[in-house]
Amino acid sequence: MNSSSYVLCIFVAVCFTAVSADLTCGGRSEVSSIQCNGKEMTKGGLCELKRGQNASLVLAFVPGMSSKNVTAVCHGVIGGIPIPFNSINHQGCEGLTPSCPLVPKRPETFKTTIPVKQEYPKLKLIIKWELQDIASGDDVVCIVIPAQLV
Ligand SMILES: *[C@@H]1O[C@H](CO)[C@@H](O)[C@H](O)[C@H]1NC(C)=O
Ligand SMILES: *[C@@H]1O[C@H](CO)[C@@H](O)[C@H](O)[C@H]1NC(C)=O
């Protein structure tokens with residue numbers, strides 16, 4: 001392989017295996033894609049959350065650590081202040097395919113729903129979603145999605 005095609009391979013591999021760093025907040029995994037309500041999230045993108053409906057969240061990632069069990073944690077960050085959002089399924093393993101235990105480098109898909117109540121105000125916020133290893137408390141995955149309630 002000549003050097004220019006080698007460089008191209010690296011470039012393409014990077015493009016297709018990681019979301020923008022703006023959409024992650026640490027976490028010991030490579031996040032490959034984030035879909036919010038069926039829309040692929042990219043840098044500068046906004047997820048529209050319809051009030052009175054369940055929003056869907058789908059993440060593809062490659063774990064950088066092993067984990068027997070993970071807790072799902074969600075915060076709505078409004079004006080820089082993280083507000084815990086507890087009406088989600090905290091049992092992270094239930095949304096994972098393949099399910100727990102997580103094995104380093106074995107790709108995973110995580111699917112869940114976020115209930116969006118009709119009475120919430122129509123504001124802009126950042127959804128911070130973490131999958132935390134129960135044993136160590138470390139974030140396996142941490143993502144931040146800019147969203148607009150409509
Ligand atoms: C949202 O999901 C919950 C739990 O899966 C379900 O009980 C509820 O009916 C759903 N709400 C809507 C508006 O689809
Ligand atoms: C993960 O931990 C929770 C809370 O301790 C427990 O209810 C659940 O059964 C565990 N899941 C697995 C797959 O071990």
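For the ligand shells discussed below, Ala, Val, Leu, Ile, Met, Phe, Trp, Tyr, Cys and Pro count as nonpolar, Asp, Glu, Lys and Arg as charged, and the others, Gly among them, as polar. With that settled, let us walk through the structure, which is a predicted model.

A good place to start is confidence. The chain averages a pLDDT of 91, and 89% of the residues score at least 70. Confidence is highest in strand β7 (residues 96-97), at 98, and lowest in helix α1 (residues 3-17), at a mean of 52. Where pLDDT is low, the predicted coordinates should not be read in detail. Please keep that caution in mind for helix α1, given its mean of 52.

Now for the overall layout. The chain holds 1 helix and 10 strands, and from the N terminus on the helix is followed by the strands, in the order α-β-β-β-β-β-β-β-β-β-β. Of the 150 residues in the chain, 26% are buried. Turning to contacts between residues at least 6 apart in sequence, 66% join residues at least 24 apart.

Next, follow the strands into a sheet. Five of them form an open sheet with mixed pairing, in the order β3-β10-β9-β5-β6. At its edges stand β3 (47-49) and β6 (81-84); each has a single partner strand, so one side of each is left without a neighbour in the sheet. Neighbouring strands of this sheet are turned by 40° against each other on average, direction ignored. Strands of a sheet pair through backbone hydrogen bonds, either parallel or antiparallel. For strand β5 (residues 70-78) and strand β9 (residues 124-133), the sense is antiparallel, over 8 bridges. If you would like a spot to look at along this pair, find Ala 72, which stands opposite Leu 131 in β9.

The two ligands come last. Around ligand 1 you will find Gln 53, Asn 54, Thr 113 and Pro 115. Two elements, β4 (53-63) and β8 (108-116), each give two or more residues to this shell. By class, the shell around ligand 1 has 3 polar residues, 1 nonpolar residue and no charged ones.

Ligand 2 has its own surroundings, made up of Asn 69, Gln 91, Cys 93, Cys 100 and Ile 134. Here the definition from the opening comes into play: Cys and Ile count as nonpolar, and the shell around ligand 2 has 3 nonpolar residues, 2 polar residues and no charged ones.

Terms used:
Residues are numbered from 1 along each chain as its sequence is written. Chains are lettered from A and ligands numbered from 1 in the order in which they are written. This is a predicted model: local features need pLDDT of at least 70, side-chain atom pairs count only at pLDDT 80 or more; totals for chains, interfaces and linings use all residues. Helices (H or I, at least four residues) and strands (E, at least two) are DSSP runs, numbered from the N terminus. A residue is buried if 20 or more other C-beta atoms lie within 10 Å of its own, exposed if 12 or fewer, and partly exposed in between; C-beta atoms are placed from the backbone. Two residues are in contact if their C-beta atoms, placed from the backbone, lie within 7 Å. A residue is near a molecule or strand if its C-beta atom, placed from the backbone, lies within 6 Å of it. Two strands pair if DSSP finds at least two bridges between them. Axes are lines fitted to C-alpha atoms, for helices over the stretch in contact, and angles run from 0 to 180 degrees between N-to-C directions. pLDDT is the predictor's confidence in each residue, from 0 to 100.
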